Amino acid sequence: MRIVVANQKGGVGKTTTAVNLSAALALMGDRVLLVDGDSQANASLGVGLINKVPNLYHVLIGEVPLEKAVYPTSVKNLFCVPSSPDLIGVDAELKGNGDWEYRLRNVLRGTNYDWIIIDTPPSLGTLTILALTAADKVIIPVQAEYYALEGLGQLLETLKYVINLLNPRLELMGVLVAMYDRRIRLSKEVYEELRRYFGDKLFKSVIPRNVKLAEAPSFGKPGVVYDPTSKGSIAYMQLAKEIRDAKAKSFRKGA
Ligand SMILES: Nc1ncnc2c1ncn2[C@@H]1O[C@H](COP(=O)(O)OP(=O)(O)OP(=O)(O)O)[C@@H](O)[C@H]1O
Ligand SMILES: [Mg+2]
């Protein structure tokens, strides 16, 4: 299953979610490929990969096959296609080429992972469209703040556009509260508002604000590996379980 983590709003926990969900699923024994679709390369850093060449850029422009840009990480079962600032050039390289939207989907075809998790930049530009076109499901991380819902309309419109024109398989998997502050009353109110708006599309797992999650990238490790007992890690393990259970249930339904 291919999951893209998207929200054009910056700093809402996309990368932290992509990295920790990937690592949590890998720790549970699944084979996972983390694809860093952001030129900021934060997800790559989060699994200890810095300035790797070739990377996603070279794959997207057709210079190397995907396998050449898949790197192992220090986490068993977790592999990563890293990014670098090179990726900024993807816009200019791909635009004007017919069918550019399918580039990532095509390069991922035939890969053999239980999960492919794709991180995206804080925009609804080229890389987010490439990721949405390649995916089965979308996770939208939001902060439990006043303006959590602001901008979501635009994101949902983009999803609709991609579903109608590029990728009819794509579905919203869920909205994730990714930096919940228990001490702030507002968090609870915003959570309730999200629940009313998204119903069962709001993940039951909630990620608390937790300093260990923020520290982990500077050690080149996912939070769930850096400090498995922290509240943030436990929450991401719970999210991974929720997602695995949902997948198992949908398989049973389909059978
Ligand atoms: N649950 C959390 N608790 C504490 N800090 C967090 C948590 N989640 C993320 N952070 C920190 O908040 C900052 C933003 O998170 P992150 O990079 O995951 O967001 P993003 O949506 O990927 O940002 P961008 O839009 O720039 O790509 C980072 O410094 C990260 O370490
Ligand atoms: Mg990010």
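# Briefing: the strand sheet and the ligand 1 site

Let's start with one strand pair: Val32 has Leu78, in E4, as its bridge partner. That bridge belongs to the pairing of strand E2 (residues 32-36) with E4, two strands that run parallel and are joined by four bridges. Keep in mind that this is a predicted model. From here the tour takes in the rest of the sheet, a few backbone oddities, and then the site of ligand 1, which sits in the second largest pocket.

**The sheet**

- Seven strands make up an open sheet with mixed pairing, and their order reads E3-E4-E2-E5-E1-E6-E7.
- At the edges you'll find strand E3 (71-72) and strand E7 (171-177), each of which pairs on one side only.
- E3 pairs with strand E4 (residues 78-81) in the antiparallel sense, over two bridges, whereas E2 and E4 run parallel.
- Looking across from E3 to E4, Tyr71 stands opposite Cys80, and Pro72 stands opposite Phe79.
- E3 and E4 form a hairpin with five residues between the strands, and in that hairpin Asn77 takes a positive phi near 75°.

**Backbone spots worth a look**

- Ala41 has a positive phi too, near 60°, and it isn't a glycine.
- To find Ala41, go to the loop between E2 and H2.
- Val53 and Pro54 are joined by a cis peptide bond, with omega at about 0°.
- Pro54 itself lies in the loop that runs between helix H2 (42-46) and helix H3 (56-60).

**Who surrounds ligand 1**

- The shell around ligand 1 counts 19 residues, and the closest of them are Lys14, Thr15, Thr16, Pro208 and Asn210.
- Sorted by class, that shell has eight nonpolar residues, seven polar ones and four charged ones.
- Two helices, H1 (14-27) and H9 (211-215), each supply at least two residues of the shell.
- H1 gives the largest share of the shell, with three residues.

**Polar contacts and burial**

- Thr16 brings a polar side-chain atom to 2.5 Å from an oxygen atom of ligand 1.
- The side chain of Thr15 has an N or O atom 2.8 Å from an oxygen atom of ligand 1.
- With Asn210 the backbone does the job: one of its polar backbone atoms is 2.8 Å from a nitrogen atom of ligand 1.
- On its own, ligand 1 exposes 620 Å², and the protein buries 80% of that area.

**If you're clicking through the model**

- For the ligand site, try Thr15 and Thr16, whose side chains both contact oxygen of ligand 1, then turn to the backbone of Asn210 for the contact to a ligand nitrogen.
- For the sheet, follow E4: E3 pairs with E4 in the antiparallel sense, and E2 runs parallel to E4.

Technical notes:
Residues are numbered from 1 along each chain as its sequence is written. Chains are lettered from A and ligands numbered from 1 in the order in which they are written. This is a predicted model: local features need pLDDT of at least 70, side-chain atom pairs count only at pLDDT 80 or more; totals for chains, interfaces and linings use all residues. Side-chain values use heavy atoms; hydrogens and water are left out. A residue is near a molecule or strand if one of its heavy atoms lies within 4 Å of it. A polar contact is a pair of N or O atoms within 3.5 Å; within protein, one must be able to donate a hydrogen and the other to accept it, and residues adjacent in sequence count only if both atoms are side-chain atoms. Accessible areas come from the Shrake-Rupley method with a 1.4 Å probe; for residues, only the protein chains shown count as cover. On a 1 Å grid over the protein atoms alone, a cavity is a set of points where a 1.4 Å probe fits but cannot get out, and a pocket is an open set with protein on both sides within 12 Å along at least five of seven lines; lining residues have an atom within 4 Å of a point. A molecule sits in a cavity or pocket if more than half of its atoms lie within 2 Å of its grid points. Ala, Val, Leu, Ile, Met, Phe, Trp, Tyr, Cys and Pro count as nonpolar, Asp, Glu, Lys and Arg as charged, and the others, Gly among them, as polar. Two strands pair if DSSP finds at least two bridges between them.
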